[in-house]
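Please open the model in your viewer and keep the selection panel at hand, since the tour goes from one selection to the next.

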Amino acid sequence: MCHPALLNWLKNKPWVGPMLDLRLPKQVANVIRFLGLCSLLMFTPVSVAVEQHLTLIHMGDIHGHLVPRHQVAGVLPDKGVKVGGLAYMYSQVQRIRNREPNTLLINTGDTIQGSAEALFSQGQAMVDVLNLFDIDAYAPGNWDFLYGTERFRALFAGNQPIANWKAIAANLYYSTLYEFPATQYADRAGQRVLPPYLIYKVGSIKVGIVGLTAERGPKALSPRVMDGFYLTTGQDELEVVVPLLRDKENVDIVILISERGLANNIALARRFPGIDIVLSSDMHEETHRPVALENGTLIVEVGQDGSLLGELNLTVSNRDIVDWTWKAHRISTQNNKPDPIIAERIKQIRSKYVGGVGFSPHVNPINGALLRTPIDTVIGHTRVPLHRAGVTSTSGLNRTSAVIEGTSHNFLADAFRVSCNADVGVMRGFRYGTHIPSGPIALEDIYHYIPIGPQIACGLVSGDDLRLQIERSAQSTLTQWVGAWGGGWMLAYSGVTYDLDPLNEFGFRASNIRVNVHGCRVLVCG
């Protein structure tokens, strides 16, 4: 029966029971009205939407940067200060965790390469620090395969990986015997190397996280480092995994963590509906606000070298994101204080590489070269800031887009040319790299620029070969077909000038290519 308070509330409501037969005695009619309405209220299910909150903390493309580096690019708000550094980043992570009860910390790859400490320890220097971060999910980047498949498996695969980051990648497999008959993993042929997804219950929100790694690993590195593995673009996997999480696992939201680059991830999110959030890495873009697609998907990317940490706060109701806020935290010595535990761990690790009683020689695992000099040794000086972070809207040394060239890579190409007493110097267009202000250059700065420690090769090249190299570099960087991108920057040249038309097709972008020989400009190709 109805509670008396409800009966009193109903008495004076004009909409109660006009459909009843009013020829009944008034008291009887009122009783029937009240009892009928009470029955309706008792047996009609009421669905109340409950809002729940989830915070995603996003890090990616750290590239071996344990300690802060200079910021000299004029287009960035923290110009003139030191940015990044894992101790500073961790303090920001903890600040968010202390404020928000329901958080997930996500790492989207390219982590264990990019510095001398990372190189000479085969990534262990980064693992020893980041294992203290309590990372909830990690998608490997193409550079995380640098030290070979066995090292990759030891770090990330199996029941007890060295890195406790919970690595996932739906598009990473052991090679089949047909593709690679010499595979050392014949007993696992065709199987996945890592789980394709993770499911978390955060508060009352059921979260599905899908991982993708960059399929261009062999192109960016060497096919040898991928022996026994093969990669796909991830499209076939998303077509299966996203509906599986939505319809079978009944997750509330689906998050894609992908090291396939911002443009590729936008295309994937448009093609496969059902993805709520994409945390992106690879091309070092900074999304100061999320890319919001027409289907509701939000996509963010957090730059490079640990200089940015993303905070995406979500309000979820009835398996839908009903509200969100995004904050891109700039990590710097100005904005953050270093966490003392992480700072001490980094100091212990670096003591083996910098000057002092703890320094010891190290062997380069890529080419066997021996590191005999502490990495904080000053090896030169520069009058101009060295970096590759310019954009076309600025003036002075930064006026050329970093996609085309930068002072750091021009400097390296000059050094290569002089070392070989050659007419032309060529430096591959690495997309990452530290910034060096005017003043001293330390050995570790160069390891940030060339993190695999390659040796300089001297040789002969024809004009046709040079022209083809320029065209291929432009194609992999400037083509309108996102799936054909092979890197973020064009190769840097010393002793070469040419005209570039980014909007032309392959084979016709470069013209008027000339080589400077003894002060004369010699035409290579018109």
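Begin with the largest pocket of this predicted model, which holds about 1200 Å³ of space. To find its middle, select F416, V426, Q455, I456 and A457, which lie nearest the centre among the 47 residues that line the pocket. Then colour the elements that each give two or more residues to this lining, namely the helices α11 (407–419), α12 (443–449) and α13 (463–478) together with the strands β17 (370–371), β19 (425–427) and β23 (510–517). Of these, α11 deserves its own colour, as the element that gives the most to the lining, with five residues. If you next colour the lining of the largest pocket by residue class, you will find 32 nonpolar residues, 11 polar ones and four that are charged.

From the open pocket, turn to the enclosed spaces, of which the structure holds two with a volume of 30 Å³ or more. The largest cavity contains about 90 Å³ of space, and you can outline it by selecting A214, E215, R216, R260, G261, N264, D282, M283, V482, G483 and W485, the residues that line it. Coloured by class, the lining of this cavity divides into four charged, four nonpolar and three polar residues.

The next stop is a single residue, T111, which you will find in the loop that runs between β4 (103–107) and α4 (116–120). Is T111 buried or exposed? With a relative accessibility of 0%, T111 falls under the 20% cut-off and therefore counts as buried. Show the side chain of N107 as well, and you can trace a polar contact of 3.2 Å between it and the side chain of T111. To see what else surrounds T111, select H63, G64, M126, L130, Y138, D144 and W165, all of which T111 touches when residues up to four places away in sequence are left aside.

Finally, colour the whole chain by pLDDT, which averages 87 over the protein, with 85% of the residues scoring at least 70. Select residues 1–29, where the pLDDT is below 50 and where the model nevertheless has 25 contacts beyond near neighbours in sequence. A further stretch to select is residues 37–41, over which pLDDT also stays under 50 and for which the model has seven contacts beyond four places in sequence.

Technical notes: Residues are numbered from 1 along each chain as its sequence is written. This is a predicted model: local features need pLDDT of at least 70, side-chain atom pairs count only at pLDDT 80 or more; totals for chains, interfaces and linings use all residues. Side-chain values use heavy atoms; hydrogens and water are left out. On a 1 Å grid over the protein atoms alone, a cavity is a set of points where a 1.4 Å probe fits but cannot get out, and a pocket is an open set with protein on both sides within 12 Å along at least five of seven lines; lining residues have an atom within 4 Å of a point. Grid points are joined across faces, edges and corners, and a volume is the space filled by probe spheres set on the points. Ala, Val, Leu, Ile, Met, Phe, Trp, Tyr, Cys and Pro count as nonpolar, Asp, Glu, Lys and Arg as charged, and the others, Gly among them, as polar. pLDDT is the predictor's confidence in each residue, from 0 to 100. Contact means heavy atoms within 4.5 Å. Helices (H or I, at least four residues) and strands (E, at least two) are DSSP runs, numbered from the N terminus. Buried means under 20% relative accessible area, exposed over 50%, partly exposed in between (1.4 Å probe, protein chains only). A polar contact is a pair of N or O atoms within 3.5 Å; within protein, one must be able to donate a hydrogen and the other to accept it, and residues adjacent in sequence count only if both atoms are side-chain atoms.
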